[in-house]
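User: I have a model open and want to go through its packing and its charged pairs. Can you take my questions one by one?

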Amino acid sequence: MKITRIKEKNSLHTFKDSTICTLHINKENVFCDFAKLSKTWETSSNIAIRLDVEQTDVGPIVKGLLGKLPNDLAYCIMSEIAEFEHLDAELMRLIYNTGDTGCKVAICLRNDLPQDLKKCCEQSNDINVQQHRDNKRKHM
């Protein structure tokens with residue numbers, strides 16, 4: 001099953017009368033063209049990513065991105081993957097433990113967390129994780 005997700009870099013901002021560039025991310029270019037993709041991501045303000053990967057490629061992609069950290073694009077891709085359905089518990093742990101705040105928030109908002117990750121999320125000192133966790137509880 002192929003998964004496609006689109007996320008804007010600065011999703012809190014509205015870009016009037018400007019073109020948003022889309023950075024297409026797939027398994028091949030994560031491994032072969034990551035430096036080029038990252039440079040484009042870093043130098044563009046009006047950009048979105050389109051993550052187009054097979055479910056079976058998620059593990060190798062996350063593990064490959066670990067060698068790129070700290071890198072904003074790598075963190076963004078990992079936070080998007082953190083929201084995938086049927087994500088393996090080990091990948092959830094890996095993303096939570098190595099990711100930035102966005103990765104941690106994406107993991108903590110999942111409904112299918114293993115008990116140890118639920119505990120990590122509940123005990124997080126990160127104010128952003130706390131706020132999202134509290135908002136999730138209000139809407140349950």
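User: Which residues of helix 5 meet helix 6?

Analyst: This is a predicted model. On the helix 6 side, the contact is made by Cys103, Lys104, Ile107 and Cys108. Their partners in helix 5 are Met92, Ile95, Tyr96 and Asn97.

User: How do the residues of that contact divide into nonpolar, polar and charged?

Analyst: The contact of helix 5 with helix 6 includes one polar and one charged residue. The nonpolar residues in it number six.

User: At what angle do helix 5 and helix 6 pack, and what is the hand of the crossing?

Analyst: The two axes are 7 Å apart. The angle between helix 5 and helix 6 is about 145 degrees. Their crossing is left-handed.

User: How many residues of helix 6 are buried, and what do they pack against?

Analyst: Helix 6 is mostly covered, with six of its eight residues buried. These are Cys103, Lys104, Val105, Ala106, Ile107 and Cys108. They pack against helix 4, helix 5, helix 7 and helix 8.

User: Is Ile107 buried or exposed?

Analyst: Ile107 is found in helix 6. The cut-off for buried is under 20% relative accessible area. Ile107 has 0% relative accessibility, so Ile107 counts as buried.

User: Which residues does Ile107 touch, leaving out those up to four places away in sequence?

Analyst: One partner is Ala82, 25 residues apart from Ile107 in sequence. Their C-alpha atoms are 5.6 Å apart. With that partner included, Ile107 touches Ala82, Met92, Ile95, Tyr96, Leu113 and Leu117.

User: Which helix gives the most to the largest nonpolar core?

Analyst: That core has 37 residues. Among the elements that each supply at least two of its residues are strand 2 (21-25), strand 3 (47-54), helix 4 (72-81) and helix 5 (89-98). Seven residues come from the top contributor, helix 4.

User: Which residues have the most contacts inside the core, and what does Leu73 touch?

Analyst: The residues with the most contacts inside the core are Ile25, Leu73, Ile77, Ile81 and Ile95. Residues up to four places away in sequence are not counted for Leu73. Its partners are then Leu23, Ile25, Phe34, Leu37, Ser38, Trp41 and Ile49.

User: Why does the salt bridge of Lys27 and Asp57 tie together separate parts of the chain?

Analyst: The side chains of Lys27 and Asp57 meet at 3.4 Å, N to O. Lys27 lies in helix 1 (residues 27-32), while Asp57 is in the loop between strand 3 and helix 3. The pair therefore ties together parts that are 30 residues apart in sequence.

User: Which of those two is buried, and which is partly exposed?

Analyst: Lys27 has 35% relative accessibility, so Lys27 counts as partly exposed. For Asp57 the relative accessible area is 16%. The cut-off is under 20%, and the buried residue is Asp57.

User: Which residues are linked in a network of salt bridges?

Analyst: The structure holds four salt bridges. Glu90 and Arg93 meet in one of them at 2.9 Å, N to O. Asp116 forms another with Arg93, the closest N and O atoms being 2.7 Å apart. The network therefore links Glu90, Arg93 and Asp116.

User: How many residues apart are the partners in each of those two pairs?

Analyst: Glu90 and Arg93 both lie in helix 5, about one turn of the helix apart, or three residues. The other pair links distant parts of the chain, with Asp116 in helix 7 and Arg93 in helix 5. Those partners are 23 residues apart.

User: Where is the cis peptide bond?

Analyst: Look in the loop between helix 3 and helix 4, the place of Pro70. Omega there is near -5 degrees. The cis bond runs from Leu69 to Pro70.

User: What is phi of His86, and is the residue buried or exposed?

Analyst: His86 lies in the loop between helix 4 and helix 5. Its phi is near 60 degrees, a positive value in a residue other than glycine. Its relative accessible area is 63%, so His86 is exposed.

User: What pattern does the chain follow along the sequence?

Analyst: The protein chain has eight helices and three strands. Read along the sequence, they follow β-β-α-α-β-α-α-α-α-α-α.

Terms used: Residues numbered from 1 in each chain as written. Predicted model: local features only at pLDDT ≥ 70, side-chain atom pairs only at ≥ 80, totals over all residues. Heavy atoms only, no water. Core = buried A, V, L, I, M, F, W, Y, C linked by side-chain atoms within 4.5 Å. Buried < 20%, exposed > 50% of the residue type's maximum accessible area, 1.4 Å probe, protein only. Helix = DSSP H or I, 4+ residues; strand = E, 2+ residues; numbered from the N terminus. Contact = heavy atoms within 4.5 Å. Axes fitted to C-alpha atoms, helices over the stretch in contact; angles between N-to-C directions. Left-handed = near helix turned anticlockwise from the far one by under 90°. Nonpolar A, V, L, I, M, F, W, Y, C, P; charged D, E, K, R; others polar.
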